[in-house]
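Good morning. Please have the sequence and the structure open while I talk.

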Amino acid sequence: MQTTKISDHLSISAQPSLSEFQGFRDKGFAAVVNARPDEEEPGQAGNAAERDAANSAGLSYTFIPVTGATTTEADIRAFQSALAGAKGPVLAHCKTGTRALLLHTLGEVLDGRMEPDDILAYGQSFGLDLSSAIKWLARHYARRPLVKGFYDPRTSSVQYVVSDPDTGNCVIIDPVLDFDEKSGATSTKNADALLAYVAENQLIVEWILDTHPHADHFSAAHYLKEKTGAPTAIGERVVDVQRLWKDIYNWPALRTDGSQWDRLFAHGDQFRVGSIDVRVLYSPGHTLASITYVIGDAAFVHDTIFMPDGGTARADFPGGDARKLWHSIQDILSLSDETRLFTGHDYRPGERTARWESTVGEQKRSNPHLAGVTEDAFVELREARDRTLPMPKLILHALQVNLRGGRLPEPEENGRRYLKFPLDALKGAAW
Ligand SMILES: N[C@@H](CCC(=O)N[C@@H](CS)C(=O)NCC(=O)O)C(=O)O
Ligand SMILES: [Fe+2]
């Protein structure tokens with residue numbers, strides 16, 4: 001297999017065979033990046049086999065499956081992290097090497113080390129056509145708002161800072177307050193990373209938004225409100241979720257009027273981030289209160305649709321409903337095909353690197369829960385899958401905090417805060 005040296009740190013190649021992996025080690029490579037989705041052609045070894053071959057050859061391995069058209073900034077950043085984390089030179093491959101070089105080149109351009117005008121000649125110097133990189137950049141720079149996703153590996157959640165590049169106004173969506181259930185410790189690492197990005201880019205936070213009361217992590221909305229002074233908001237049906245859980249927790253002191261937030265959004269509500277229009281869609285199914293924020297050409301769909309290879313969100317929490325989820329998803333898919341969709345979780349199928357951005361068109365074409373699936377078939381597959389899923393490990397912790405807008409329980413007389421769990425209240429134990 002011919003490898004092409006791009007820099008001291010990176011070489012690229014066409015698809016290698018598994019028997020060549022040992023040789024890569026002998027040639028001095030420390031890591032392999034596979035940028036090729038599985039099953040592009042018959043006989044392709046694929047991710048699982050490549051991971052095994054790399055491991056047995058003592059090479060580290062990263063799976064960043066991309067196609068030219070569906071490449072996202074997260075893929076480019078994941079490629080950079082794979083290079084930065086490697087203990088020596090990296091060999092990156094796809095089918096021909098073009099996508100591997102595309103990921104590298106786009107990172108160089110985004111970070112200002114290469115001019116867009118130099119891309120084609122750069123590709124040609126390695127015998128590859130990088131015109132798809134030019135197209136990607138044109139699309140990237142034409143789009144508003146600017147969306148920065150922050151992935152939290154602990155809860156597989158994606159948090160967003162969404163800004164108007166013309167005015168510097170932004171909103172924060174679904175921020176995570178860190179919690180370690182083993183020690184009971186809380187931390188603001190994730191939220192502080194959002195604040196650092198806001199400060200670095202001199203953004204003005206206008207809103208701290210949640211898409212729904214999360215069942216798998218604490219919301220950092222309250223912490224961020226204290227830090228920035230920006231108002232908090234969630235969907236108005238959160239009051240129904242509060243009523244539901246007030247009973248489950250036997251919690252008389254819980255106010256069930258949504259007064260823990262500054263604003264409760266209803267379907268059709270509109271506001272602005274800088275000069276960009278925002279529209280709220282009611283998107284129940286995963287929870288009773290879920291909403292989608294459509295900001296310019298971007299929709300923050302959280303737990304409705306995941307990445308196309310990740311299917312859809314579960315609908316079996318108290319108040320969840322698979323049929324309602326189907327209708328909410330149809331509303332989202334009725335946005336134009338180019339609408340960017342930003343999901344709330346990515347569970348990294350095949351241990352690929354985390355991704356969170358797709359388009360309506362991609363979802364309609366390639367999400368197996370949606371493409372060519374009828375409403376009844378969806379409900380059946382969703383409910384069948386949900387029967388196999390254990391409850392999120394933090395559901396009983398998280399709702400106590402999130403139904404109060406991300407406030408931790410008030411301290412007791414000794415100054416400590418405590419959580420309270422109902423026993424045998426929820427089905428879904430995984431013994
Ligand atoms: N293993 C995770 C599961 C979290 C979970 O259930 N996530 C929800 C969104 S809040 C979901 O839709 N999961 C879909 C799936 O796991 O297939 C945990 O324990 O936190
Ligand atoms: Fe969720």
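I will go through the core, a few strands, one helix, and then the ligand.

Before that, a caution: this is a predicted model.

Let me begin with the core. The largest nonpolar core has 71 residues. V162, I172 and F300 are the ones with the most contacts inside it. Take F300 and set aside its neighbours within four places in sequence: what is F300 in contact with? The list is Y160, I173, T211, T292, Y293, I295 and F342. There is also a second, separate core, of 35 residues. V32, A35, L91 and C94 are among the residues in that one.

Now strand β8, residues 169-173. Five of its five residues are buried. In a regular strand, side chains alternate between the two faces of the sheet. On one side of β8 we find N169, V171 and I173, and on the other C170 and I172, so both faces are covered. I172 has come up already, as one of the residues with the most contacts in the largest core.

What does β8 pair with? Strands of a sheet pair through backbone hydrogen bonds, and the pairing is either parallel or antiparallel. Strand β7, residues 157-163, runs antiparallel to β8, and four bridges join the two. One example is S163 in β7, whose bridge partner in β8 is C170. The hairpin of β7 and β8 has five residues between the strands, and there G168 takes a positive phi near 80 degrees. β8 is also joined to strand β11, residues 204-209, by five bridges, and this pair is parallel. Here I173 has L209 as its bridge partner in β11.

A second parallel pair is β18, residues 298-302, with β19, joined by four bridges. A299 has L341 in β19 as its bridge partner. Strand β19 covers residues 340-343, and both of its faces are covered too. R340 and F342 are buried on one side, L341 and T343 on the other. F342 was in the list of contacts of F300.

There is also an open sheet of three strands, in the order β10-β9-β12, with antiparallel pairing. Its edge strands are β10 (185-187) and β12 (218-219), each pairing on one side only. Strand β9, residues 176-180, pairs with β12 over two bridges. In that pairing, L177 has F218 as its bridge partner.

Next, one residue by itself: Y151, in strand β6, residues 146-152. Is Y151 buried or exposed? It is buried, because 22 other C-beta atoms lie within 10 Å, and the cut-off is 20 or more. Leaving aside neighbours within four places in sequence, Y151 is in contact with V158 and A354. Y151 and D346 are 195 residues apart in sequence, yet their C-alpha atoms are 8.6 Å apart in space.

For a helix, take α10, residues 322-333. Its twelve residues, at 1.5 Å a residue, should span 16 Å, and the end C-alpha atoms are 16 Å apart, which agrees. The buried residues of α10 are A322, K324, L325, W326, S328 and I329, and they pack against α12 (375-388).

Last, the ligand. Which residues are around ligand 1? They are A215, D216, D303, A313, R314, H345, Y347, L389, P392, K393 and L394. By type, this shell divides into six nonpolar, one polar and four charged.

That is the end of my tour.

Definitions and conventions:
Residues are numbered from 1 along each chain as its sequence is written. Chains are lettered from A and ligands numbered from 1 in the order in which they are written. This is a predicted model: local features need pLDDT of at least 70, side-chain atom pairs count only at pLDDT 80 or more; totals for chains, interfaces and linings use all residues. A residue is near a molecule or strand if its C-beta atom, placed from the backbone, lies within 6 Å of it. Ala, Val, Leu, Ile, Met, Phe, Trp, Tyr, Cys and Pro count as nonpolar, Asp, Glu, Lys and Arg as charged, and the others, Gly among them, as polar. A nonpolar core is a set of buried Ala, Val, Leu, Ile, Met, Phe, Trp, Tyr and Cys residues joined through C-beta atoms within 7 Å. A residue is buried if 20 or more other C-beta atoms lie within 10 Å of its own, exposed if 12 or fewer, and partly exposed in between; C-beta atoms are placed from the backbone. Two residues are in contact if their C-beta atoms, placed from the backbone, lie within 7 Å. Two strands pair if DSSP finds at least two bridges between them. The expected span of a helix is 1.5 Å times one less than its number of residues.
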